[in-house]
Amino acid sequence: MKEIPMAYVKANQTGIVVGVLLAFAFQLPWLVALLWAIQVVGLIGGGKWNLFVTISKPFLLTKGKETQATELTKFNNALAVIFLTFSVAAFALGWNIAGYIFTGFLLLAAGAALLGYCIGCTIYYQYKIRFR
């Protein structure tokens with residue numbers, strides 16, 4: 001099974017949290033669209049093209065450190081893309097409150113993951129147990 005260093009996962013989560021907080025603080029819906037693009041490109045590239053990981057990679061220590069299954073990382077990134085897609089769609093329709101609510105859900109999930117509880121992981125394992 002392929003593994004991804006947790007340092008890369010945390011770099012992505014940190015990028016999401018910082019981006020969402022900036023979007024909230026300065027009311028910048030286009031920043032949410034930029035986050036969406038970063039996450040989509042990262043998901044398509046299997047994480048290799050994730051801007052947050054690429055920028056932080058030279059500064060991260062990954063040898064002998066904790067890892068996460070690639071399959072789980074892809075699932076969590078897909079959830080982020082789903083939330084951001086709903087956010088961007090809501091902003092495009094002029095439904096700014098709904099856009100910020102969906103973005104807020106992503107902020108809660110990424111923030112909780114940074115603090116040690118992965119909501120996406122819980123959903124993934126429940127899915128795997130019940131449907132496989």
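Me: Why does Q27 count as exposed?
Reply: In this predicted model, Q27 has a relative accessibility of 62%. A residue is called exposed when its relative accessible area is over 50%, and 62% meets that condition, so Q27 counts as exposed.

Me: Where does Q27 lie, and what is notable about its phi?
Reply: Q27 is found in the loop between α1 and α2. Its phi is near 50°, which is a positive value in a residue other than glycine.

Me: What makes F105 partly exposed?
Reply: The relative accessible area of F105 is 41%. The partly exposed class lies between the buried class, under 20%, and the exposed class, over 50%. The value of 41% falls in between, and therefore F105 is partly exposed. This residue is located in helix α5.

Me: Which residues form a nonpolar patch on the surface together with F105?
Reply: F105 is joined by I97, I101 and L108 in a nonpolar patch on the surface. Together the four residues have about 440 Å² of accessible area. A residue may belong to a patch if its relative accessible area is over 30%; F105, at 41%, satisfies this part of the rule.

Me: How do you know that the side chains of E71 and K128 meet in a salt bridge?
Reply: The N to O separation between the two side chains is 3.9 Å. A salt bridge requires a side-chain nitrogen of Lys or Arg within 4 Å of a carboxyl oxygen of Asp or Glu. The value of 3.9 Å is within 4 Å, so the pair of E71 and K128 is called a salt bridge. By this rule the count for the model comes to one salt bridge.

Me: Which parts does the pair of E71 and K128 tie together?
Reply: E71 belongs to helix α4 and K128 to helix α6, so the pair ties together parts that are 57 residues apart in sequence.

Me: Why do E71 and K128 count as partly exposed?
Reply: E71 has a relative accessibility of 35%, and K128 has one of 29%. Neither value is under 20% or over 50%, and therefore both residues count as partly exposed.

Me: Into which class does Q126 fall, and where is its place?
Reply: Q126 is placed in helix α6. Its relative accessibility is 35%, which lies between 20% and 50%, so Q126 counts as partly exposed. The C-alpha atoms of Q126 and A90 are separated by 29 Å, and these residues are 36 residues apart along the chain.

Me: What makes T62 partly exposed?
Reply: T62 has a relative accessible area of 25%. This value is not under 20%, the limit for buried, nor over 50%, the limit for exposed, and therefore T62 is partly exposed. T62 sits in the loop between α3 (51-56) and β2 (67-69). Its C-alpha atom is separated by 29 Å from that of V32, with their positions 30 residues apart along the chain.

Me: How do you know where empty space is left?
Reply: Rolling a probe the size of a water molecule over the atoms reveals it. In this model, the count comes to one cavity of 30 Å³ or more. The largest cavity has a volume of about 40 Å³, and its lining includes I4, L43 and K74.

Me: Which helix gives the most to the lining of the largest cavity?
Reply: Helix α4 gives the most, with four residues. By class, the lining of the largest cavity has two nonpolar, six polar and one charged residues.

Me: How much space lies in the largest pocket, and which residues lie nearest its centre?
Reply: The largest pocket holds about 630 Å³ of space. Of its 34 lining residues, V9, N12, T73, K74 and N77 lie nearest the centre. Helix α4 gives the most to this lining, with eight residues.

Methods: Residues are numbered from 1 along each chain as its sequence is written. This is a predicted model: local features need pLDDT of at least 70, side-chain atom pairs count only at pLDDT 80 or more; totals for chains, interfaces and linings use all residues. Side-chain values use heavy atoms; hydrogens and water are left out. On a 1 Å grid over the protein atoms alone, a cavity is a set of points where a 1.4 Å probe fits but cannot get out, and a pocket is an open set with protein on both sides within 12 Å along at least five of seven lines; lining residues have an atom within 4 Å of a point. Grid points are joined across faces, edges and corners, and a volume is the space filled by probe spheres set on the points. Helices (H or I, at least four residues) and strands (E, at least two) are DSSP runs, numbered from the N terminus. Ala, Val, Leu, Ile, Met, Phe, Trp, Tyr, Cys and Pro count as nonpolar, Asp, Glu, Lys and Arg as charged, and the others, Gly among them, as polar. Patches are made of residues with over 30% relative accessible area and no salt bridge: like charges are joined within 9 Å, nonpolar side chains (Val, Leu, Ile, Met, Phe, Trp, Tyr) within 5 Å. Accessible areas come from the Shrake-Rupley method with a 1.4 Å probe; for residues, only the protein chains shown count as cover. Buried means under 20% relative accessible area, exposed over 50%, partly exposed in between (1.4 Å probe, protein chains only).
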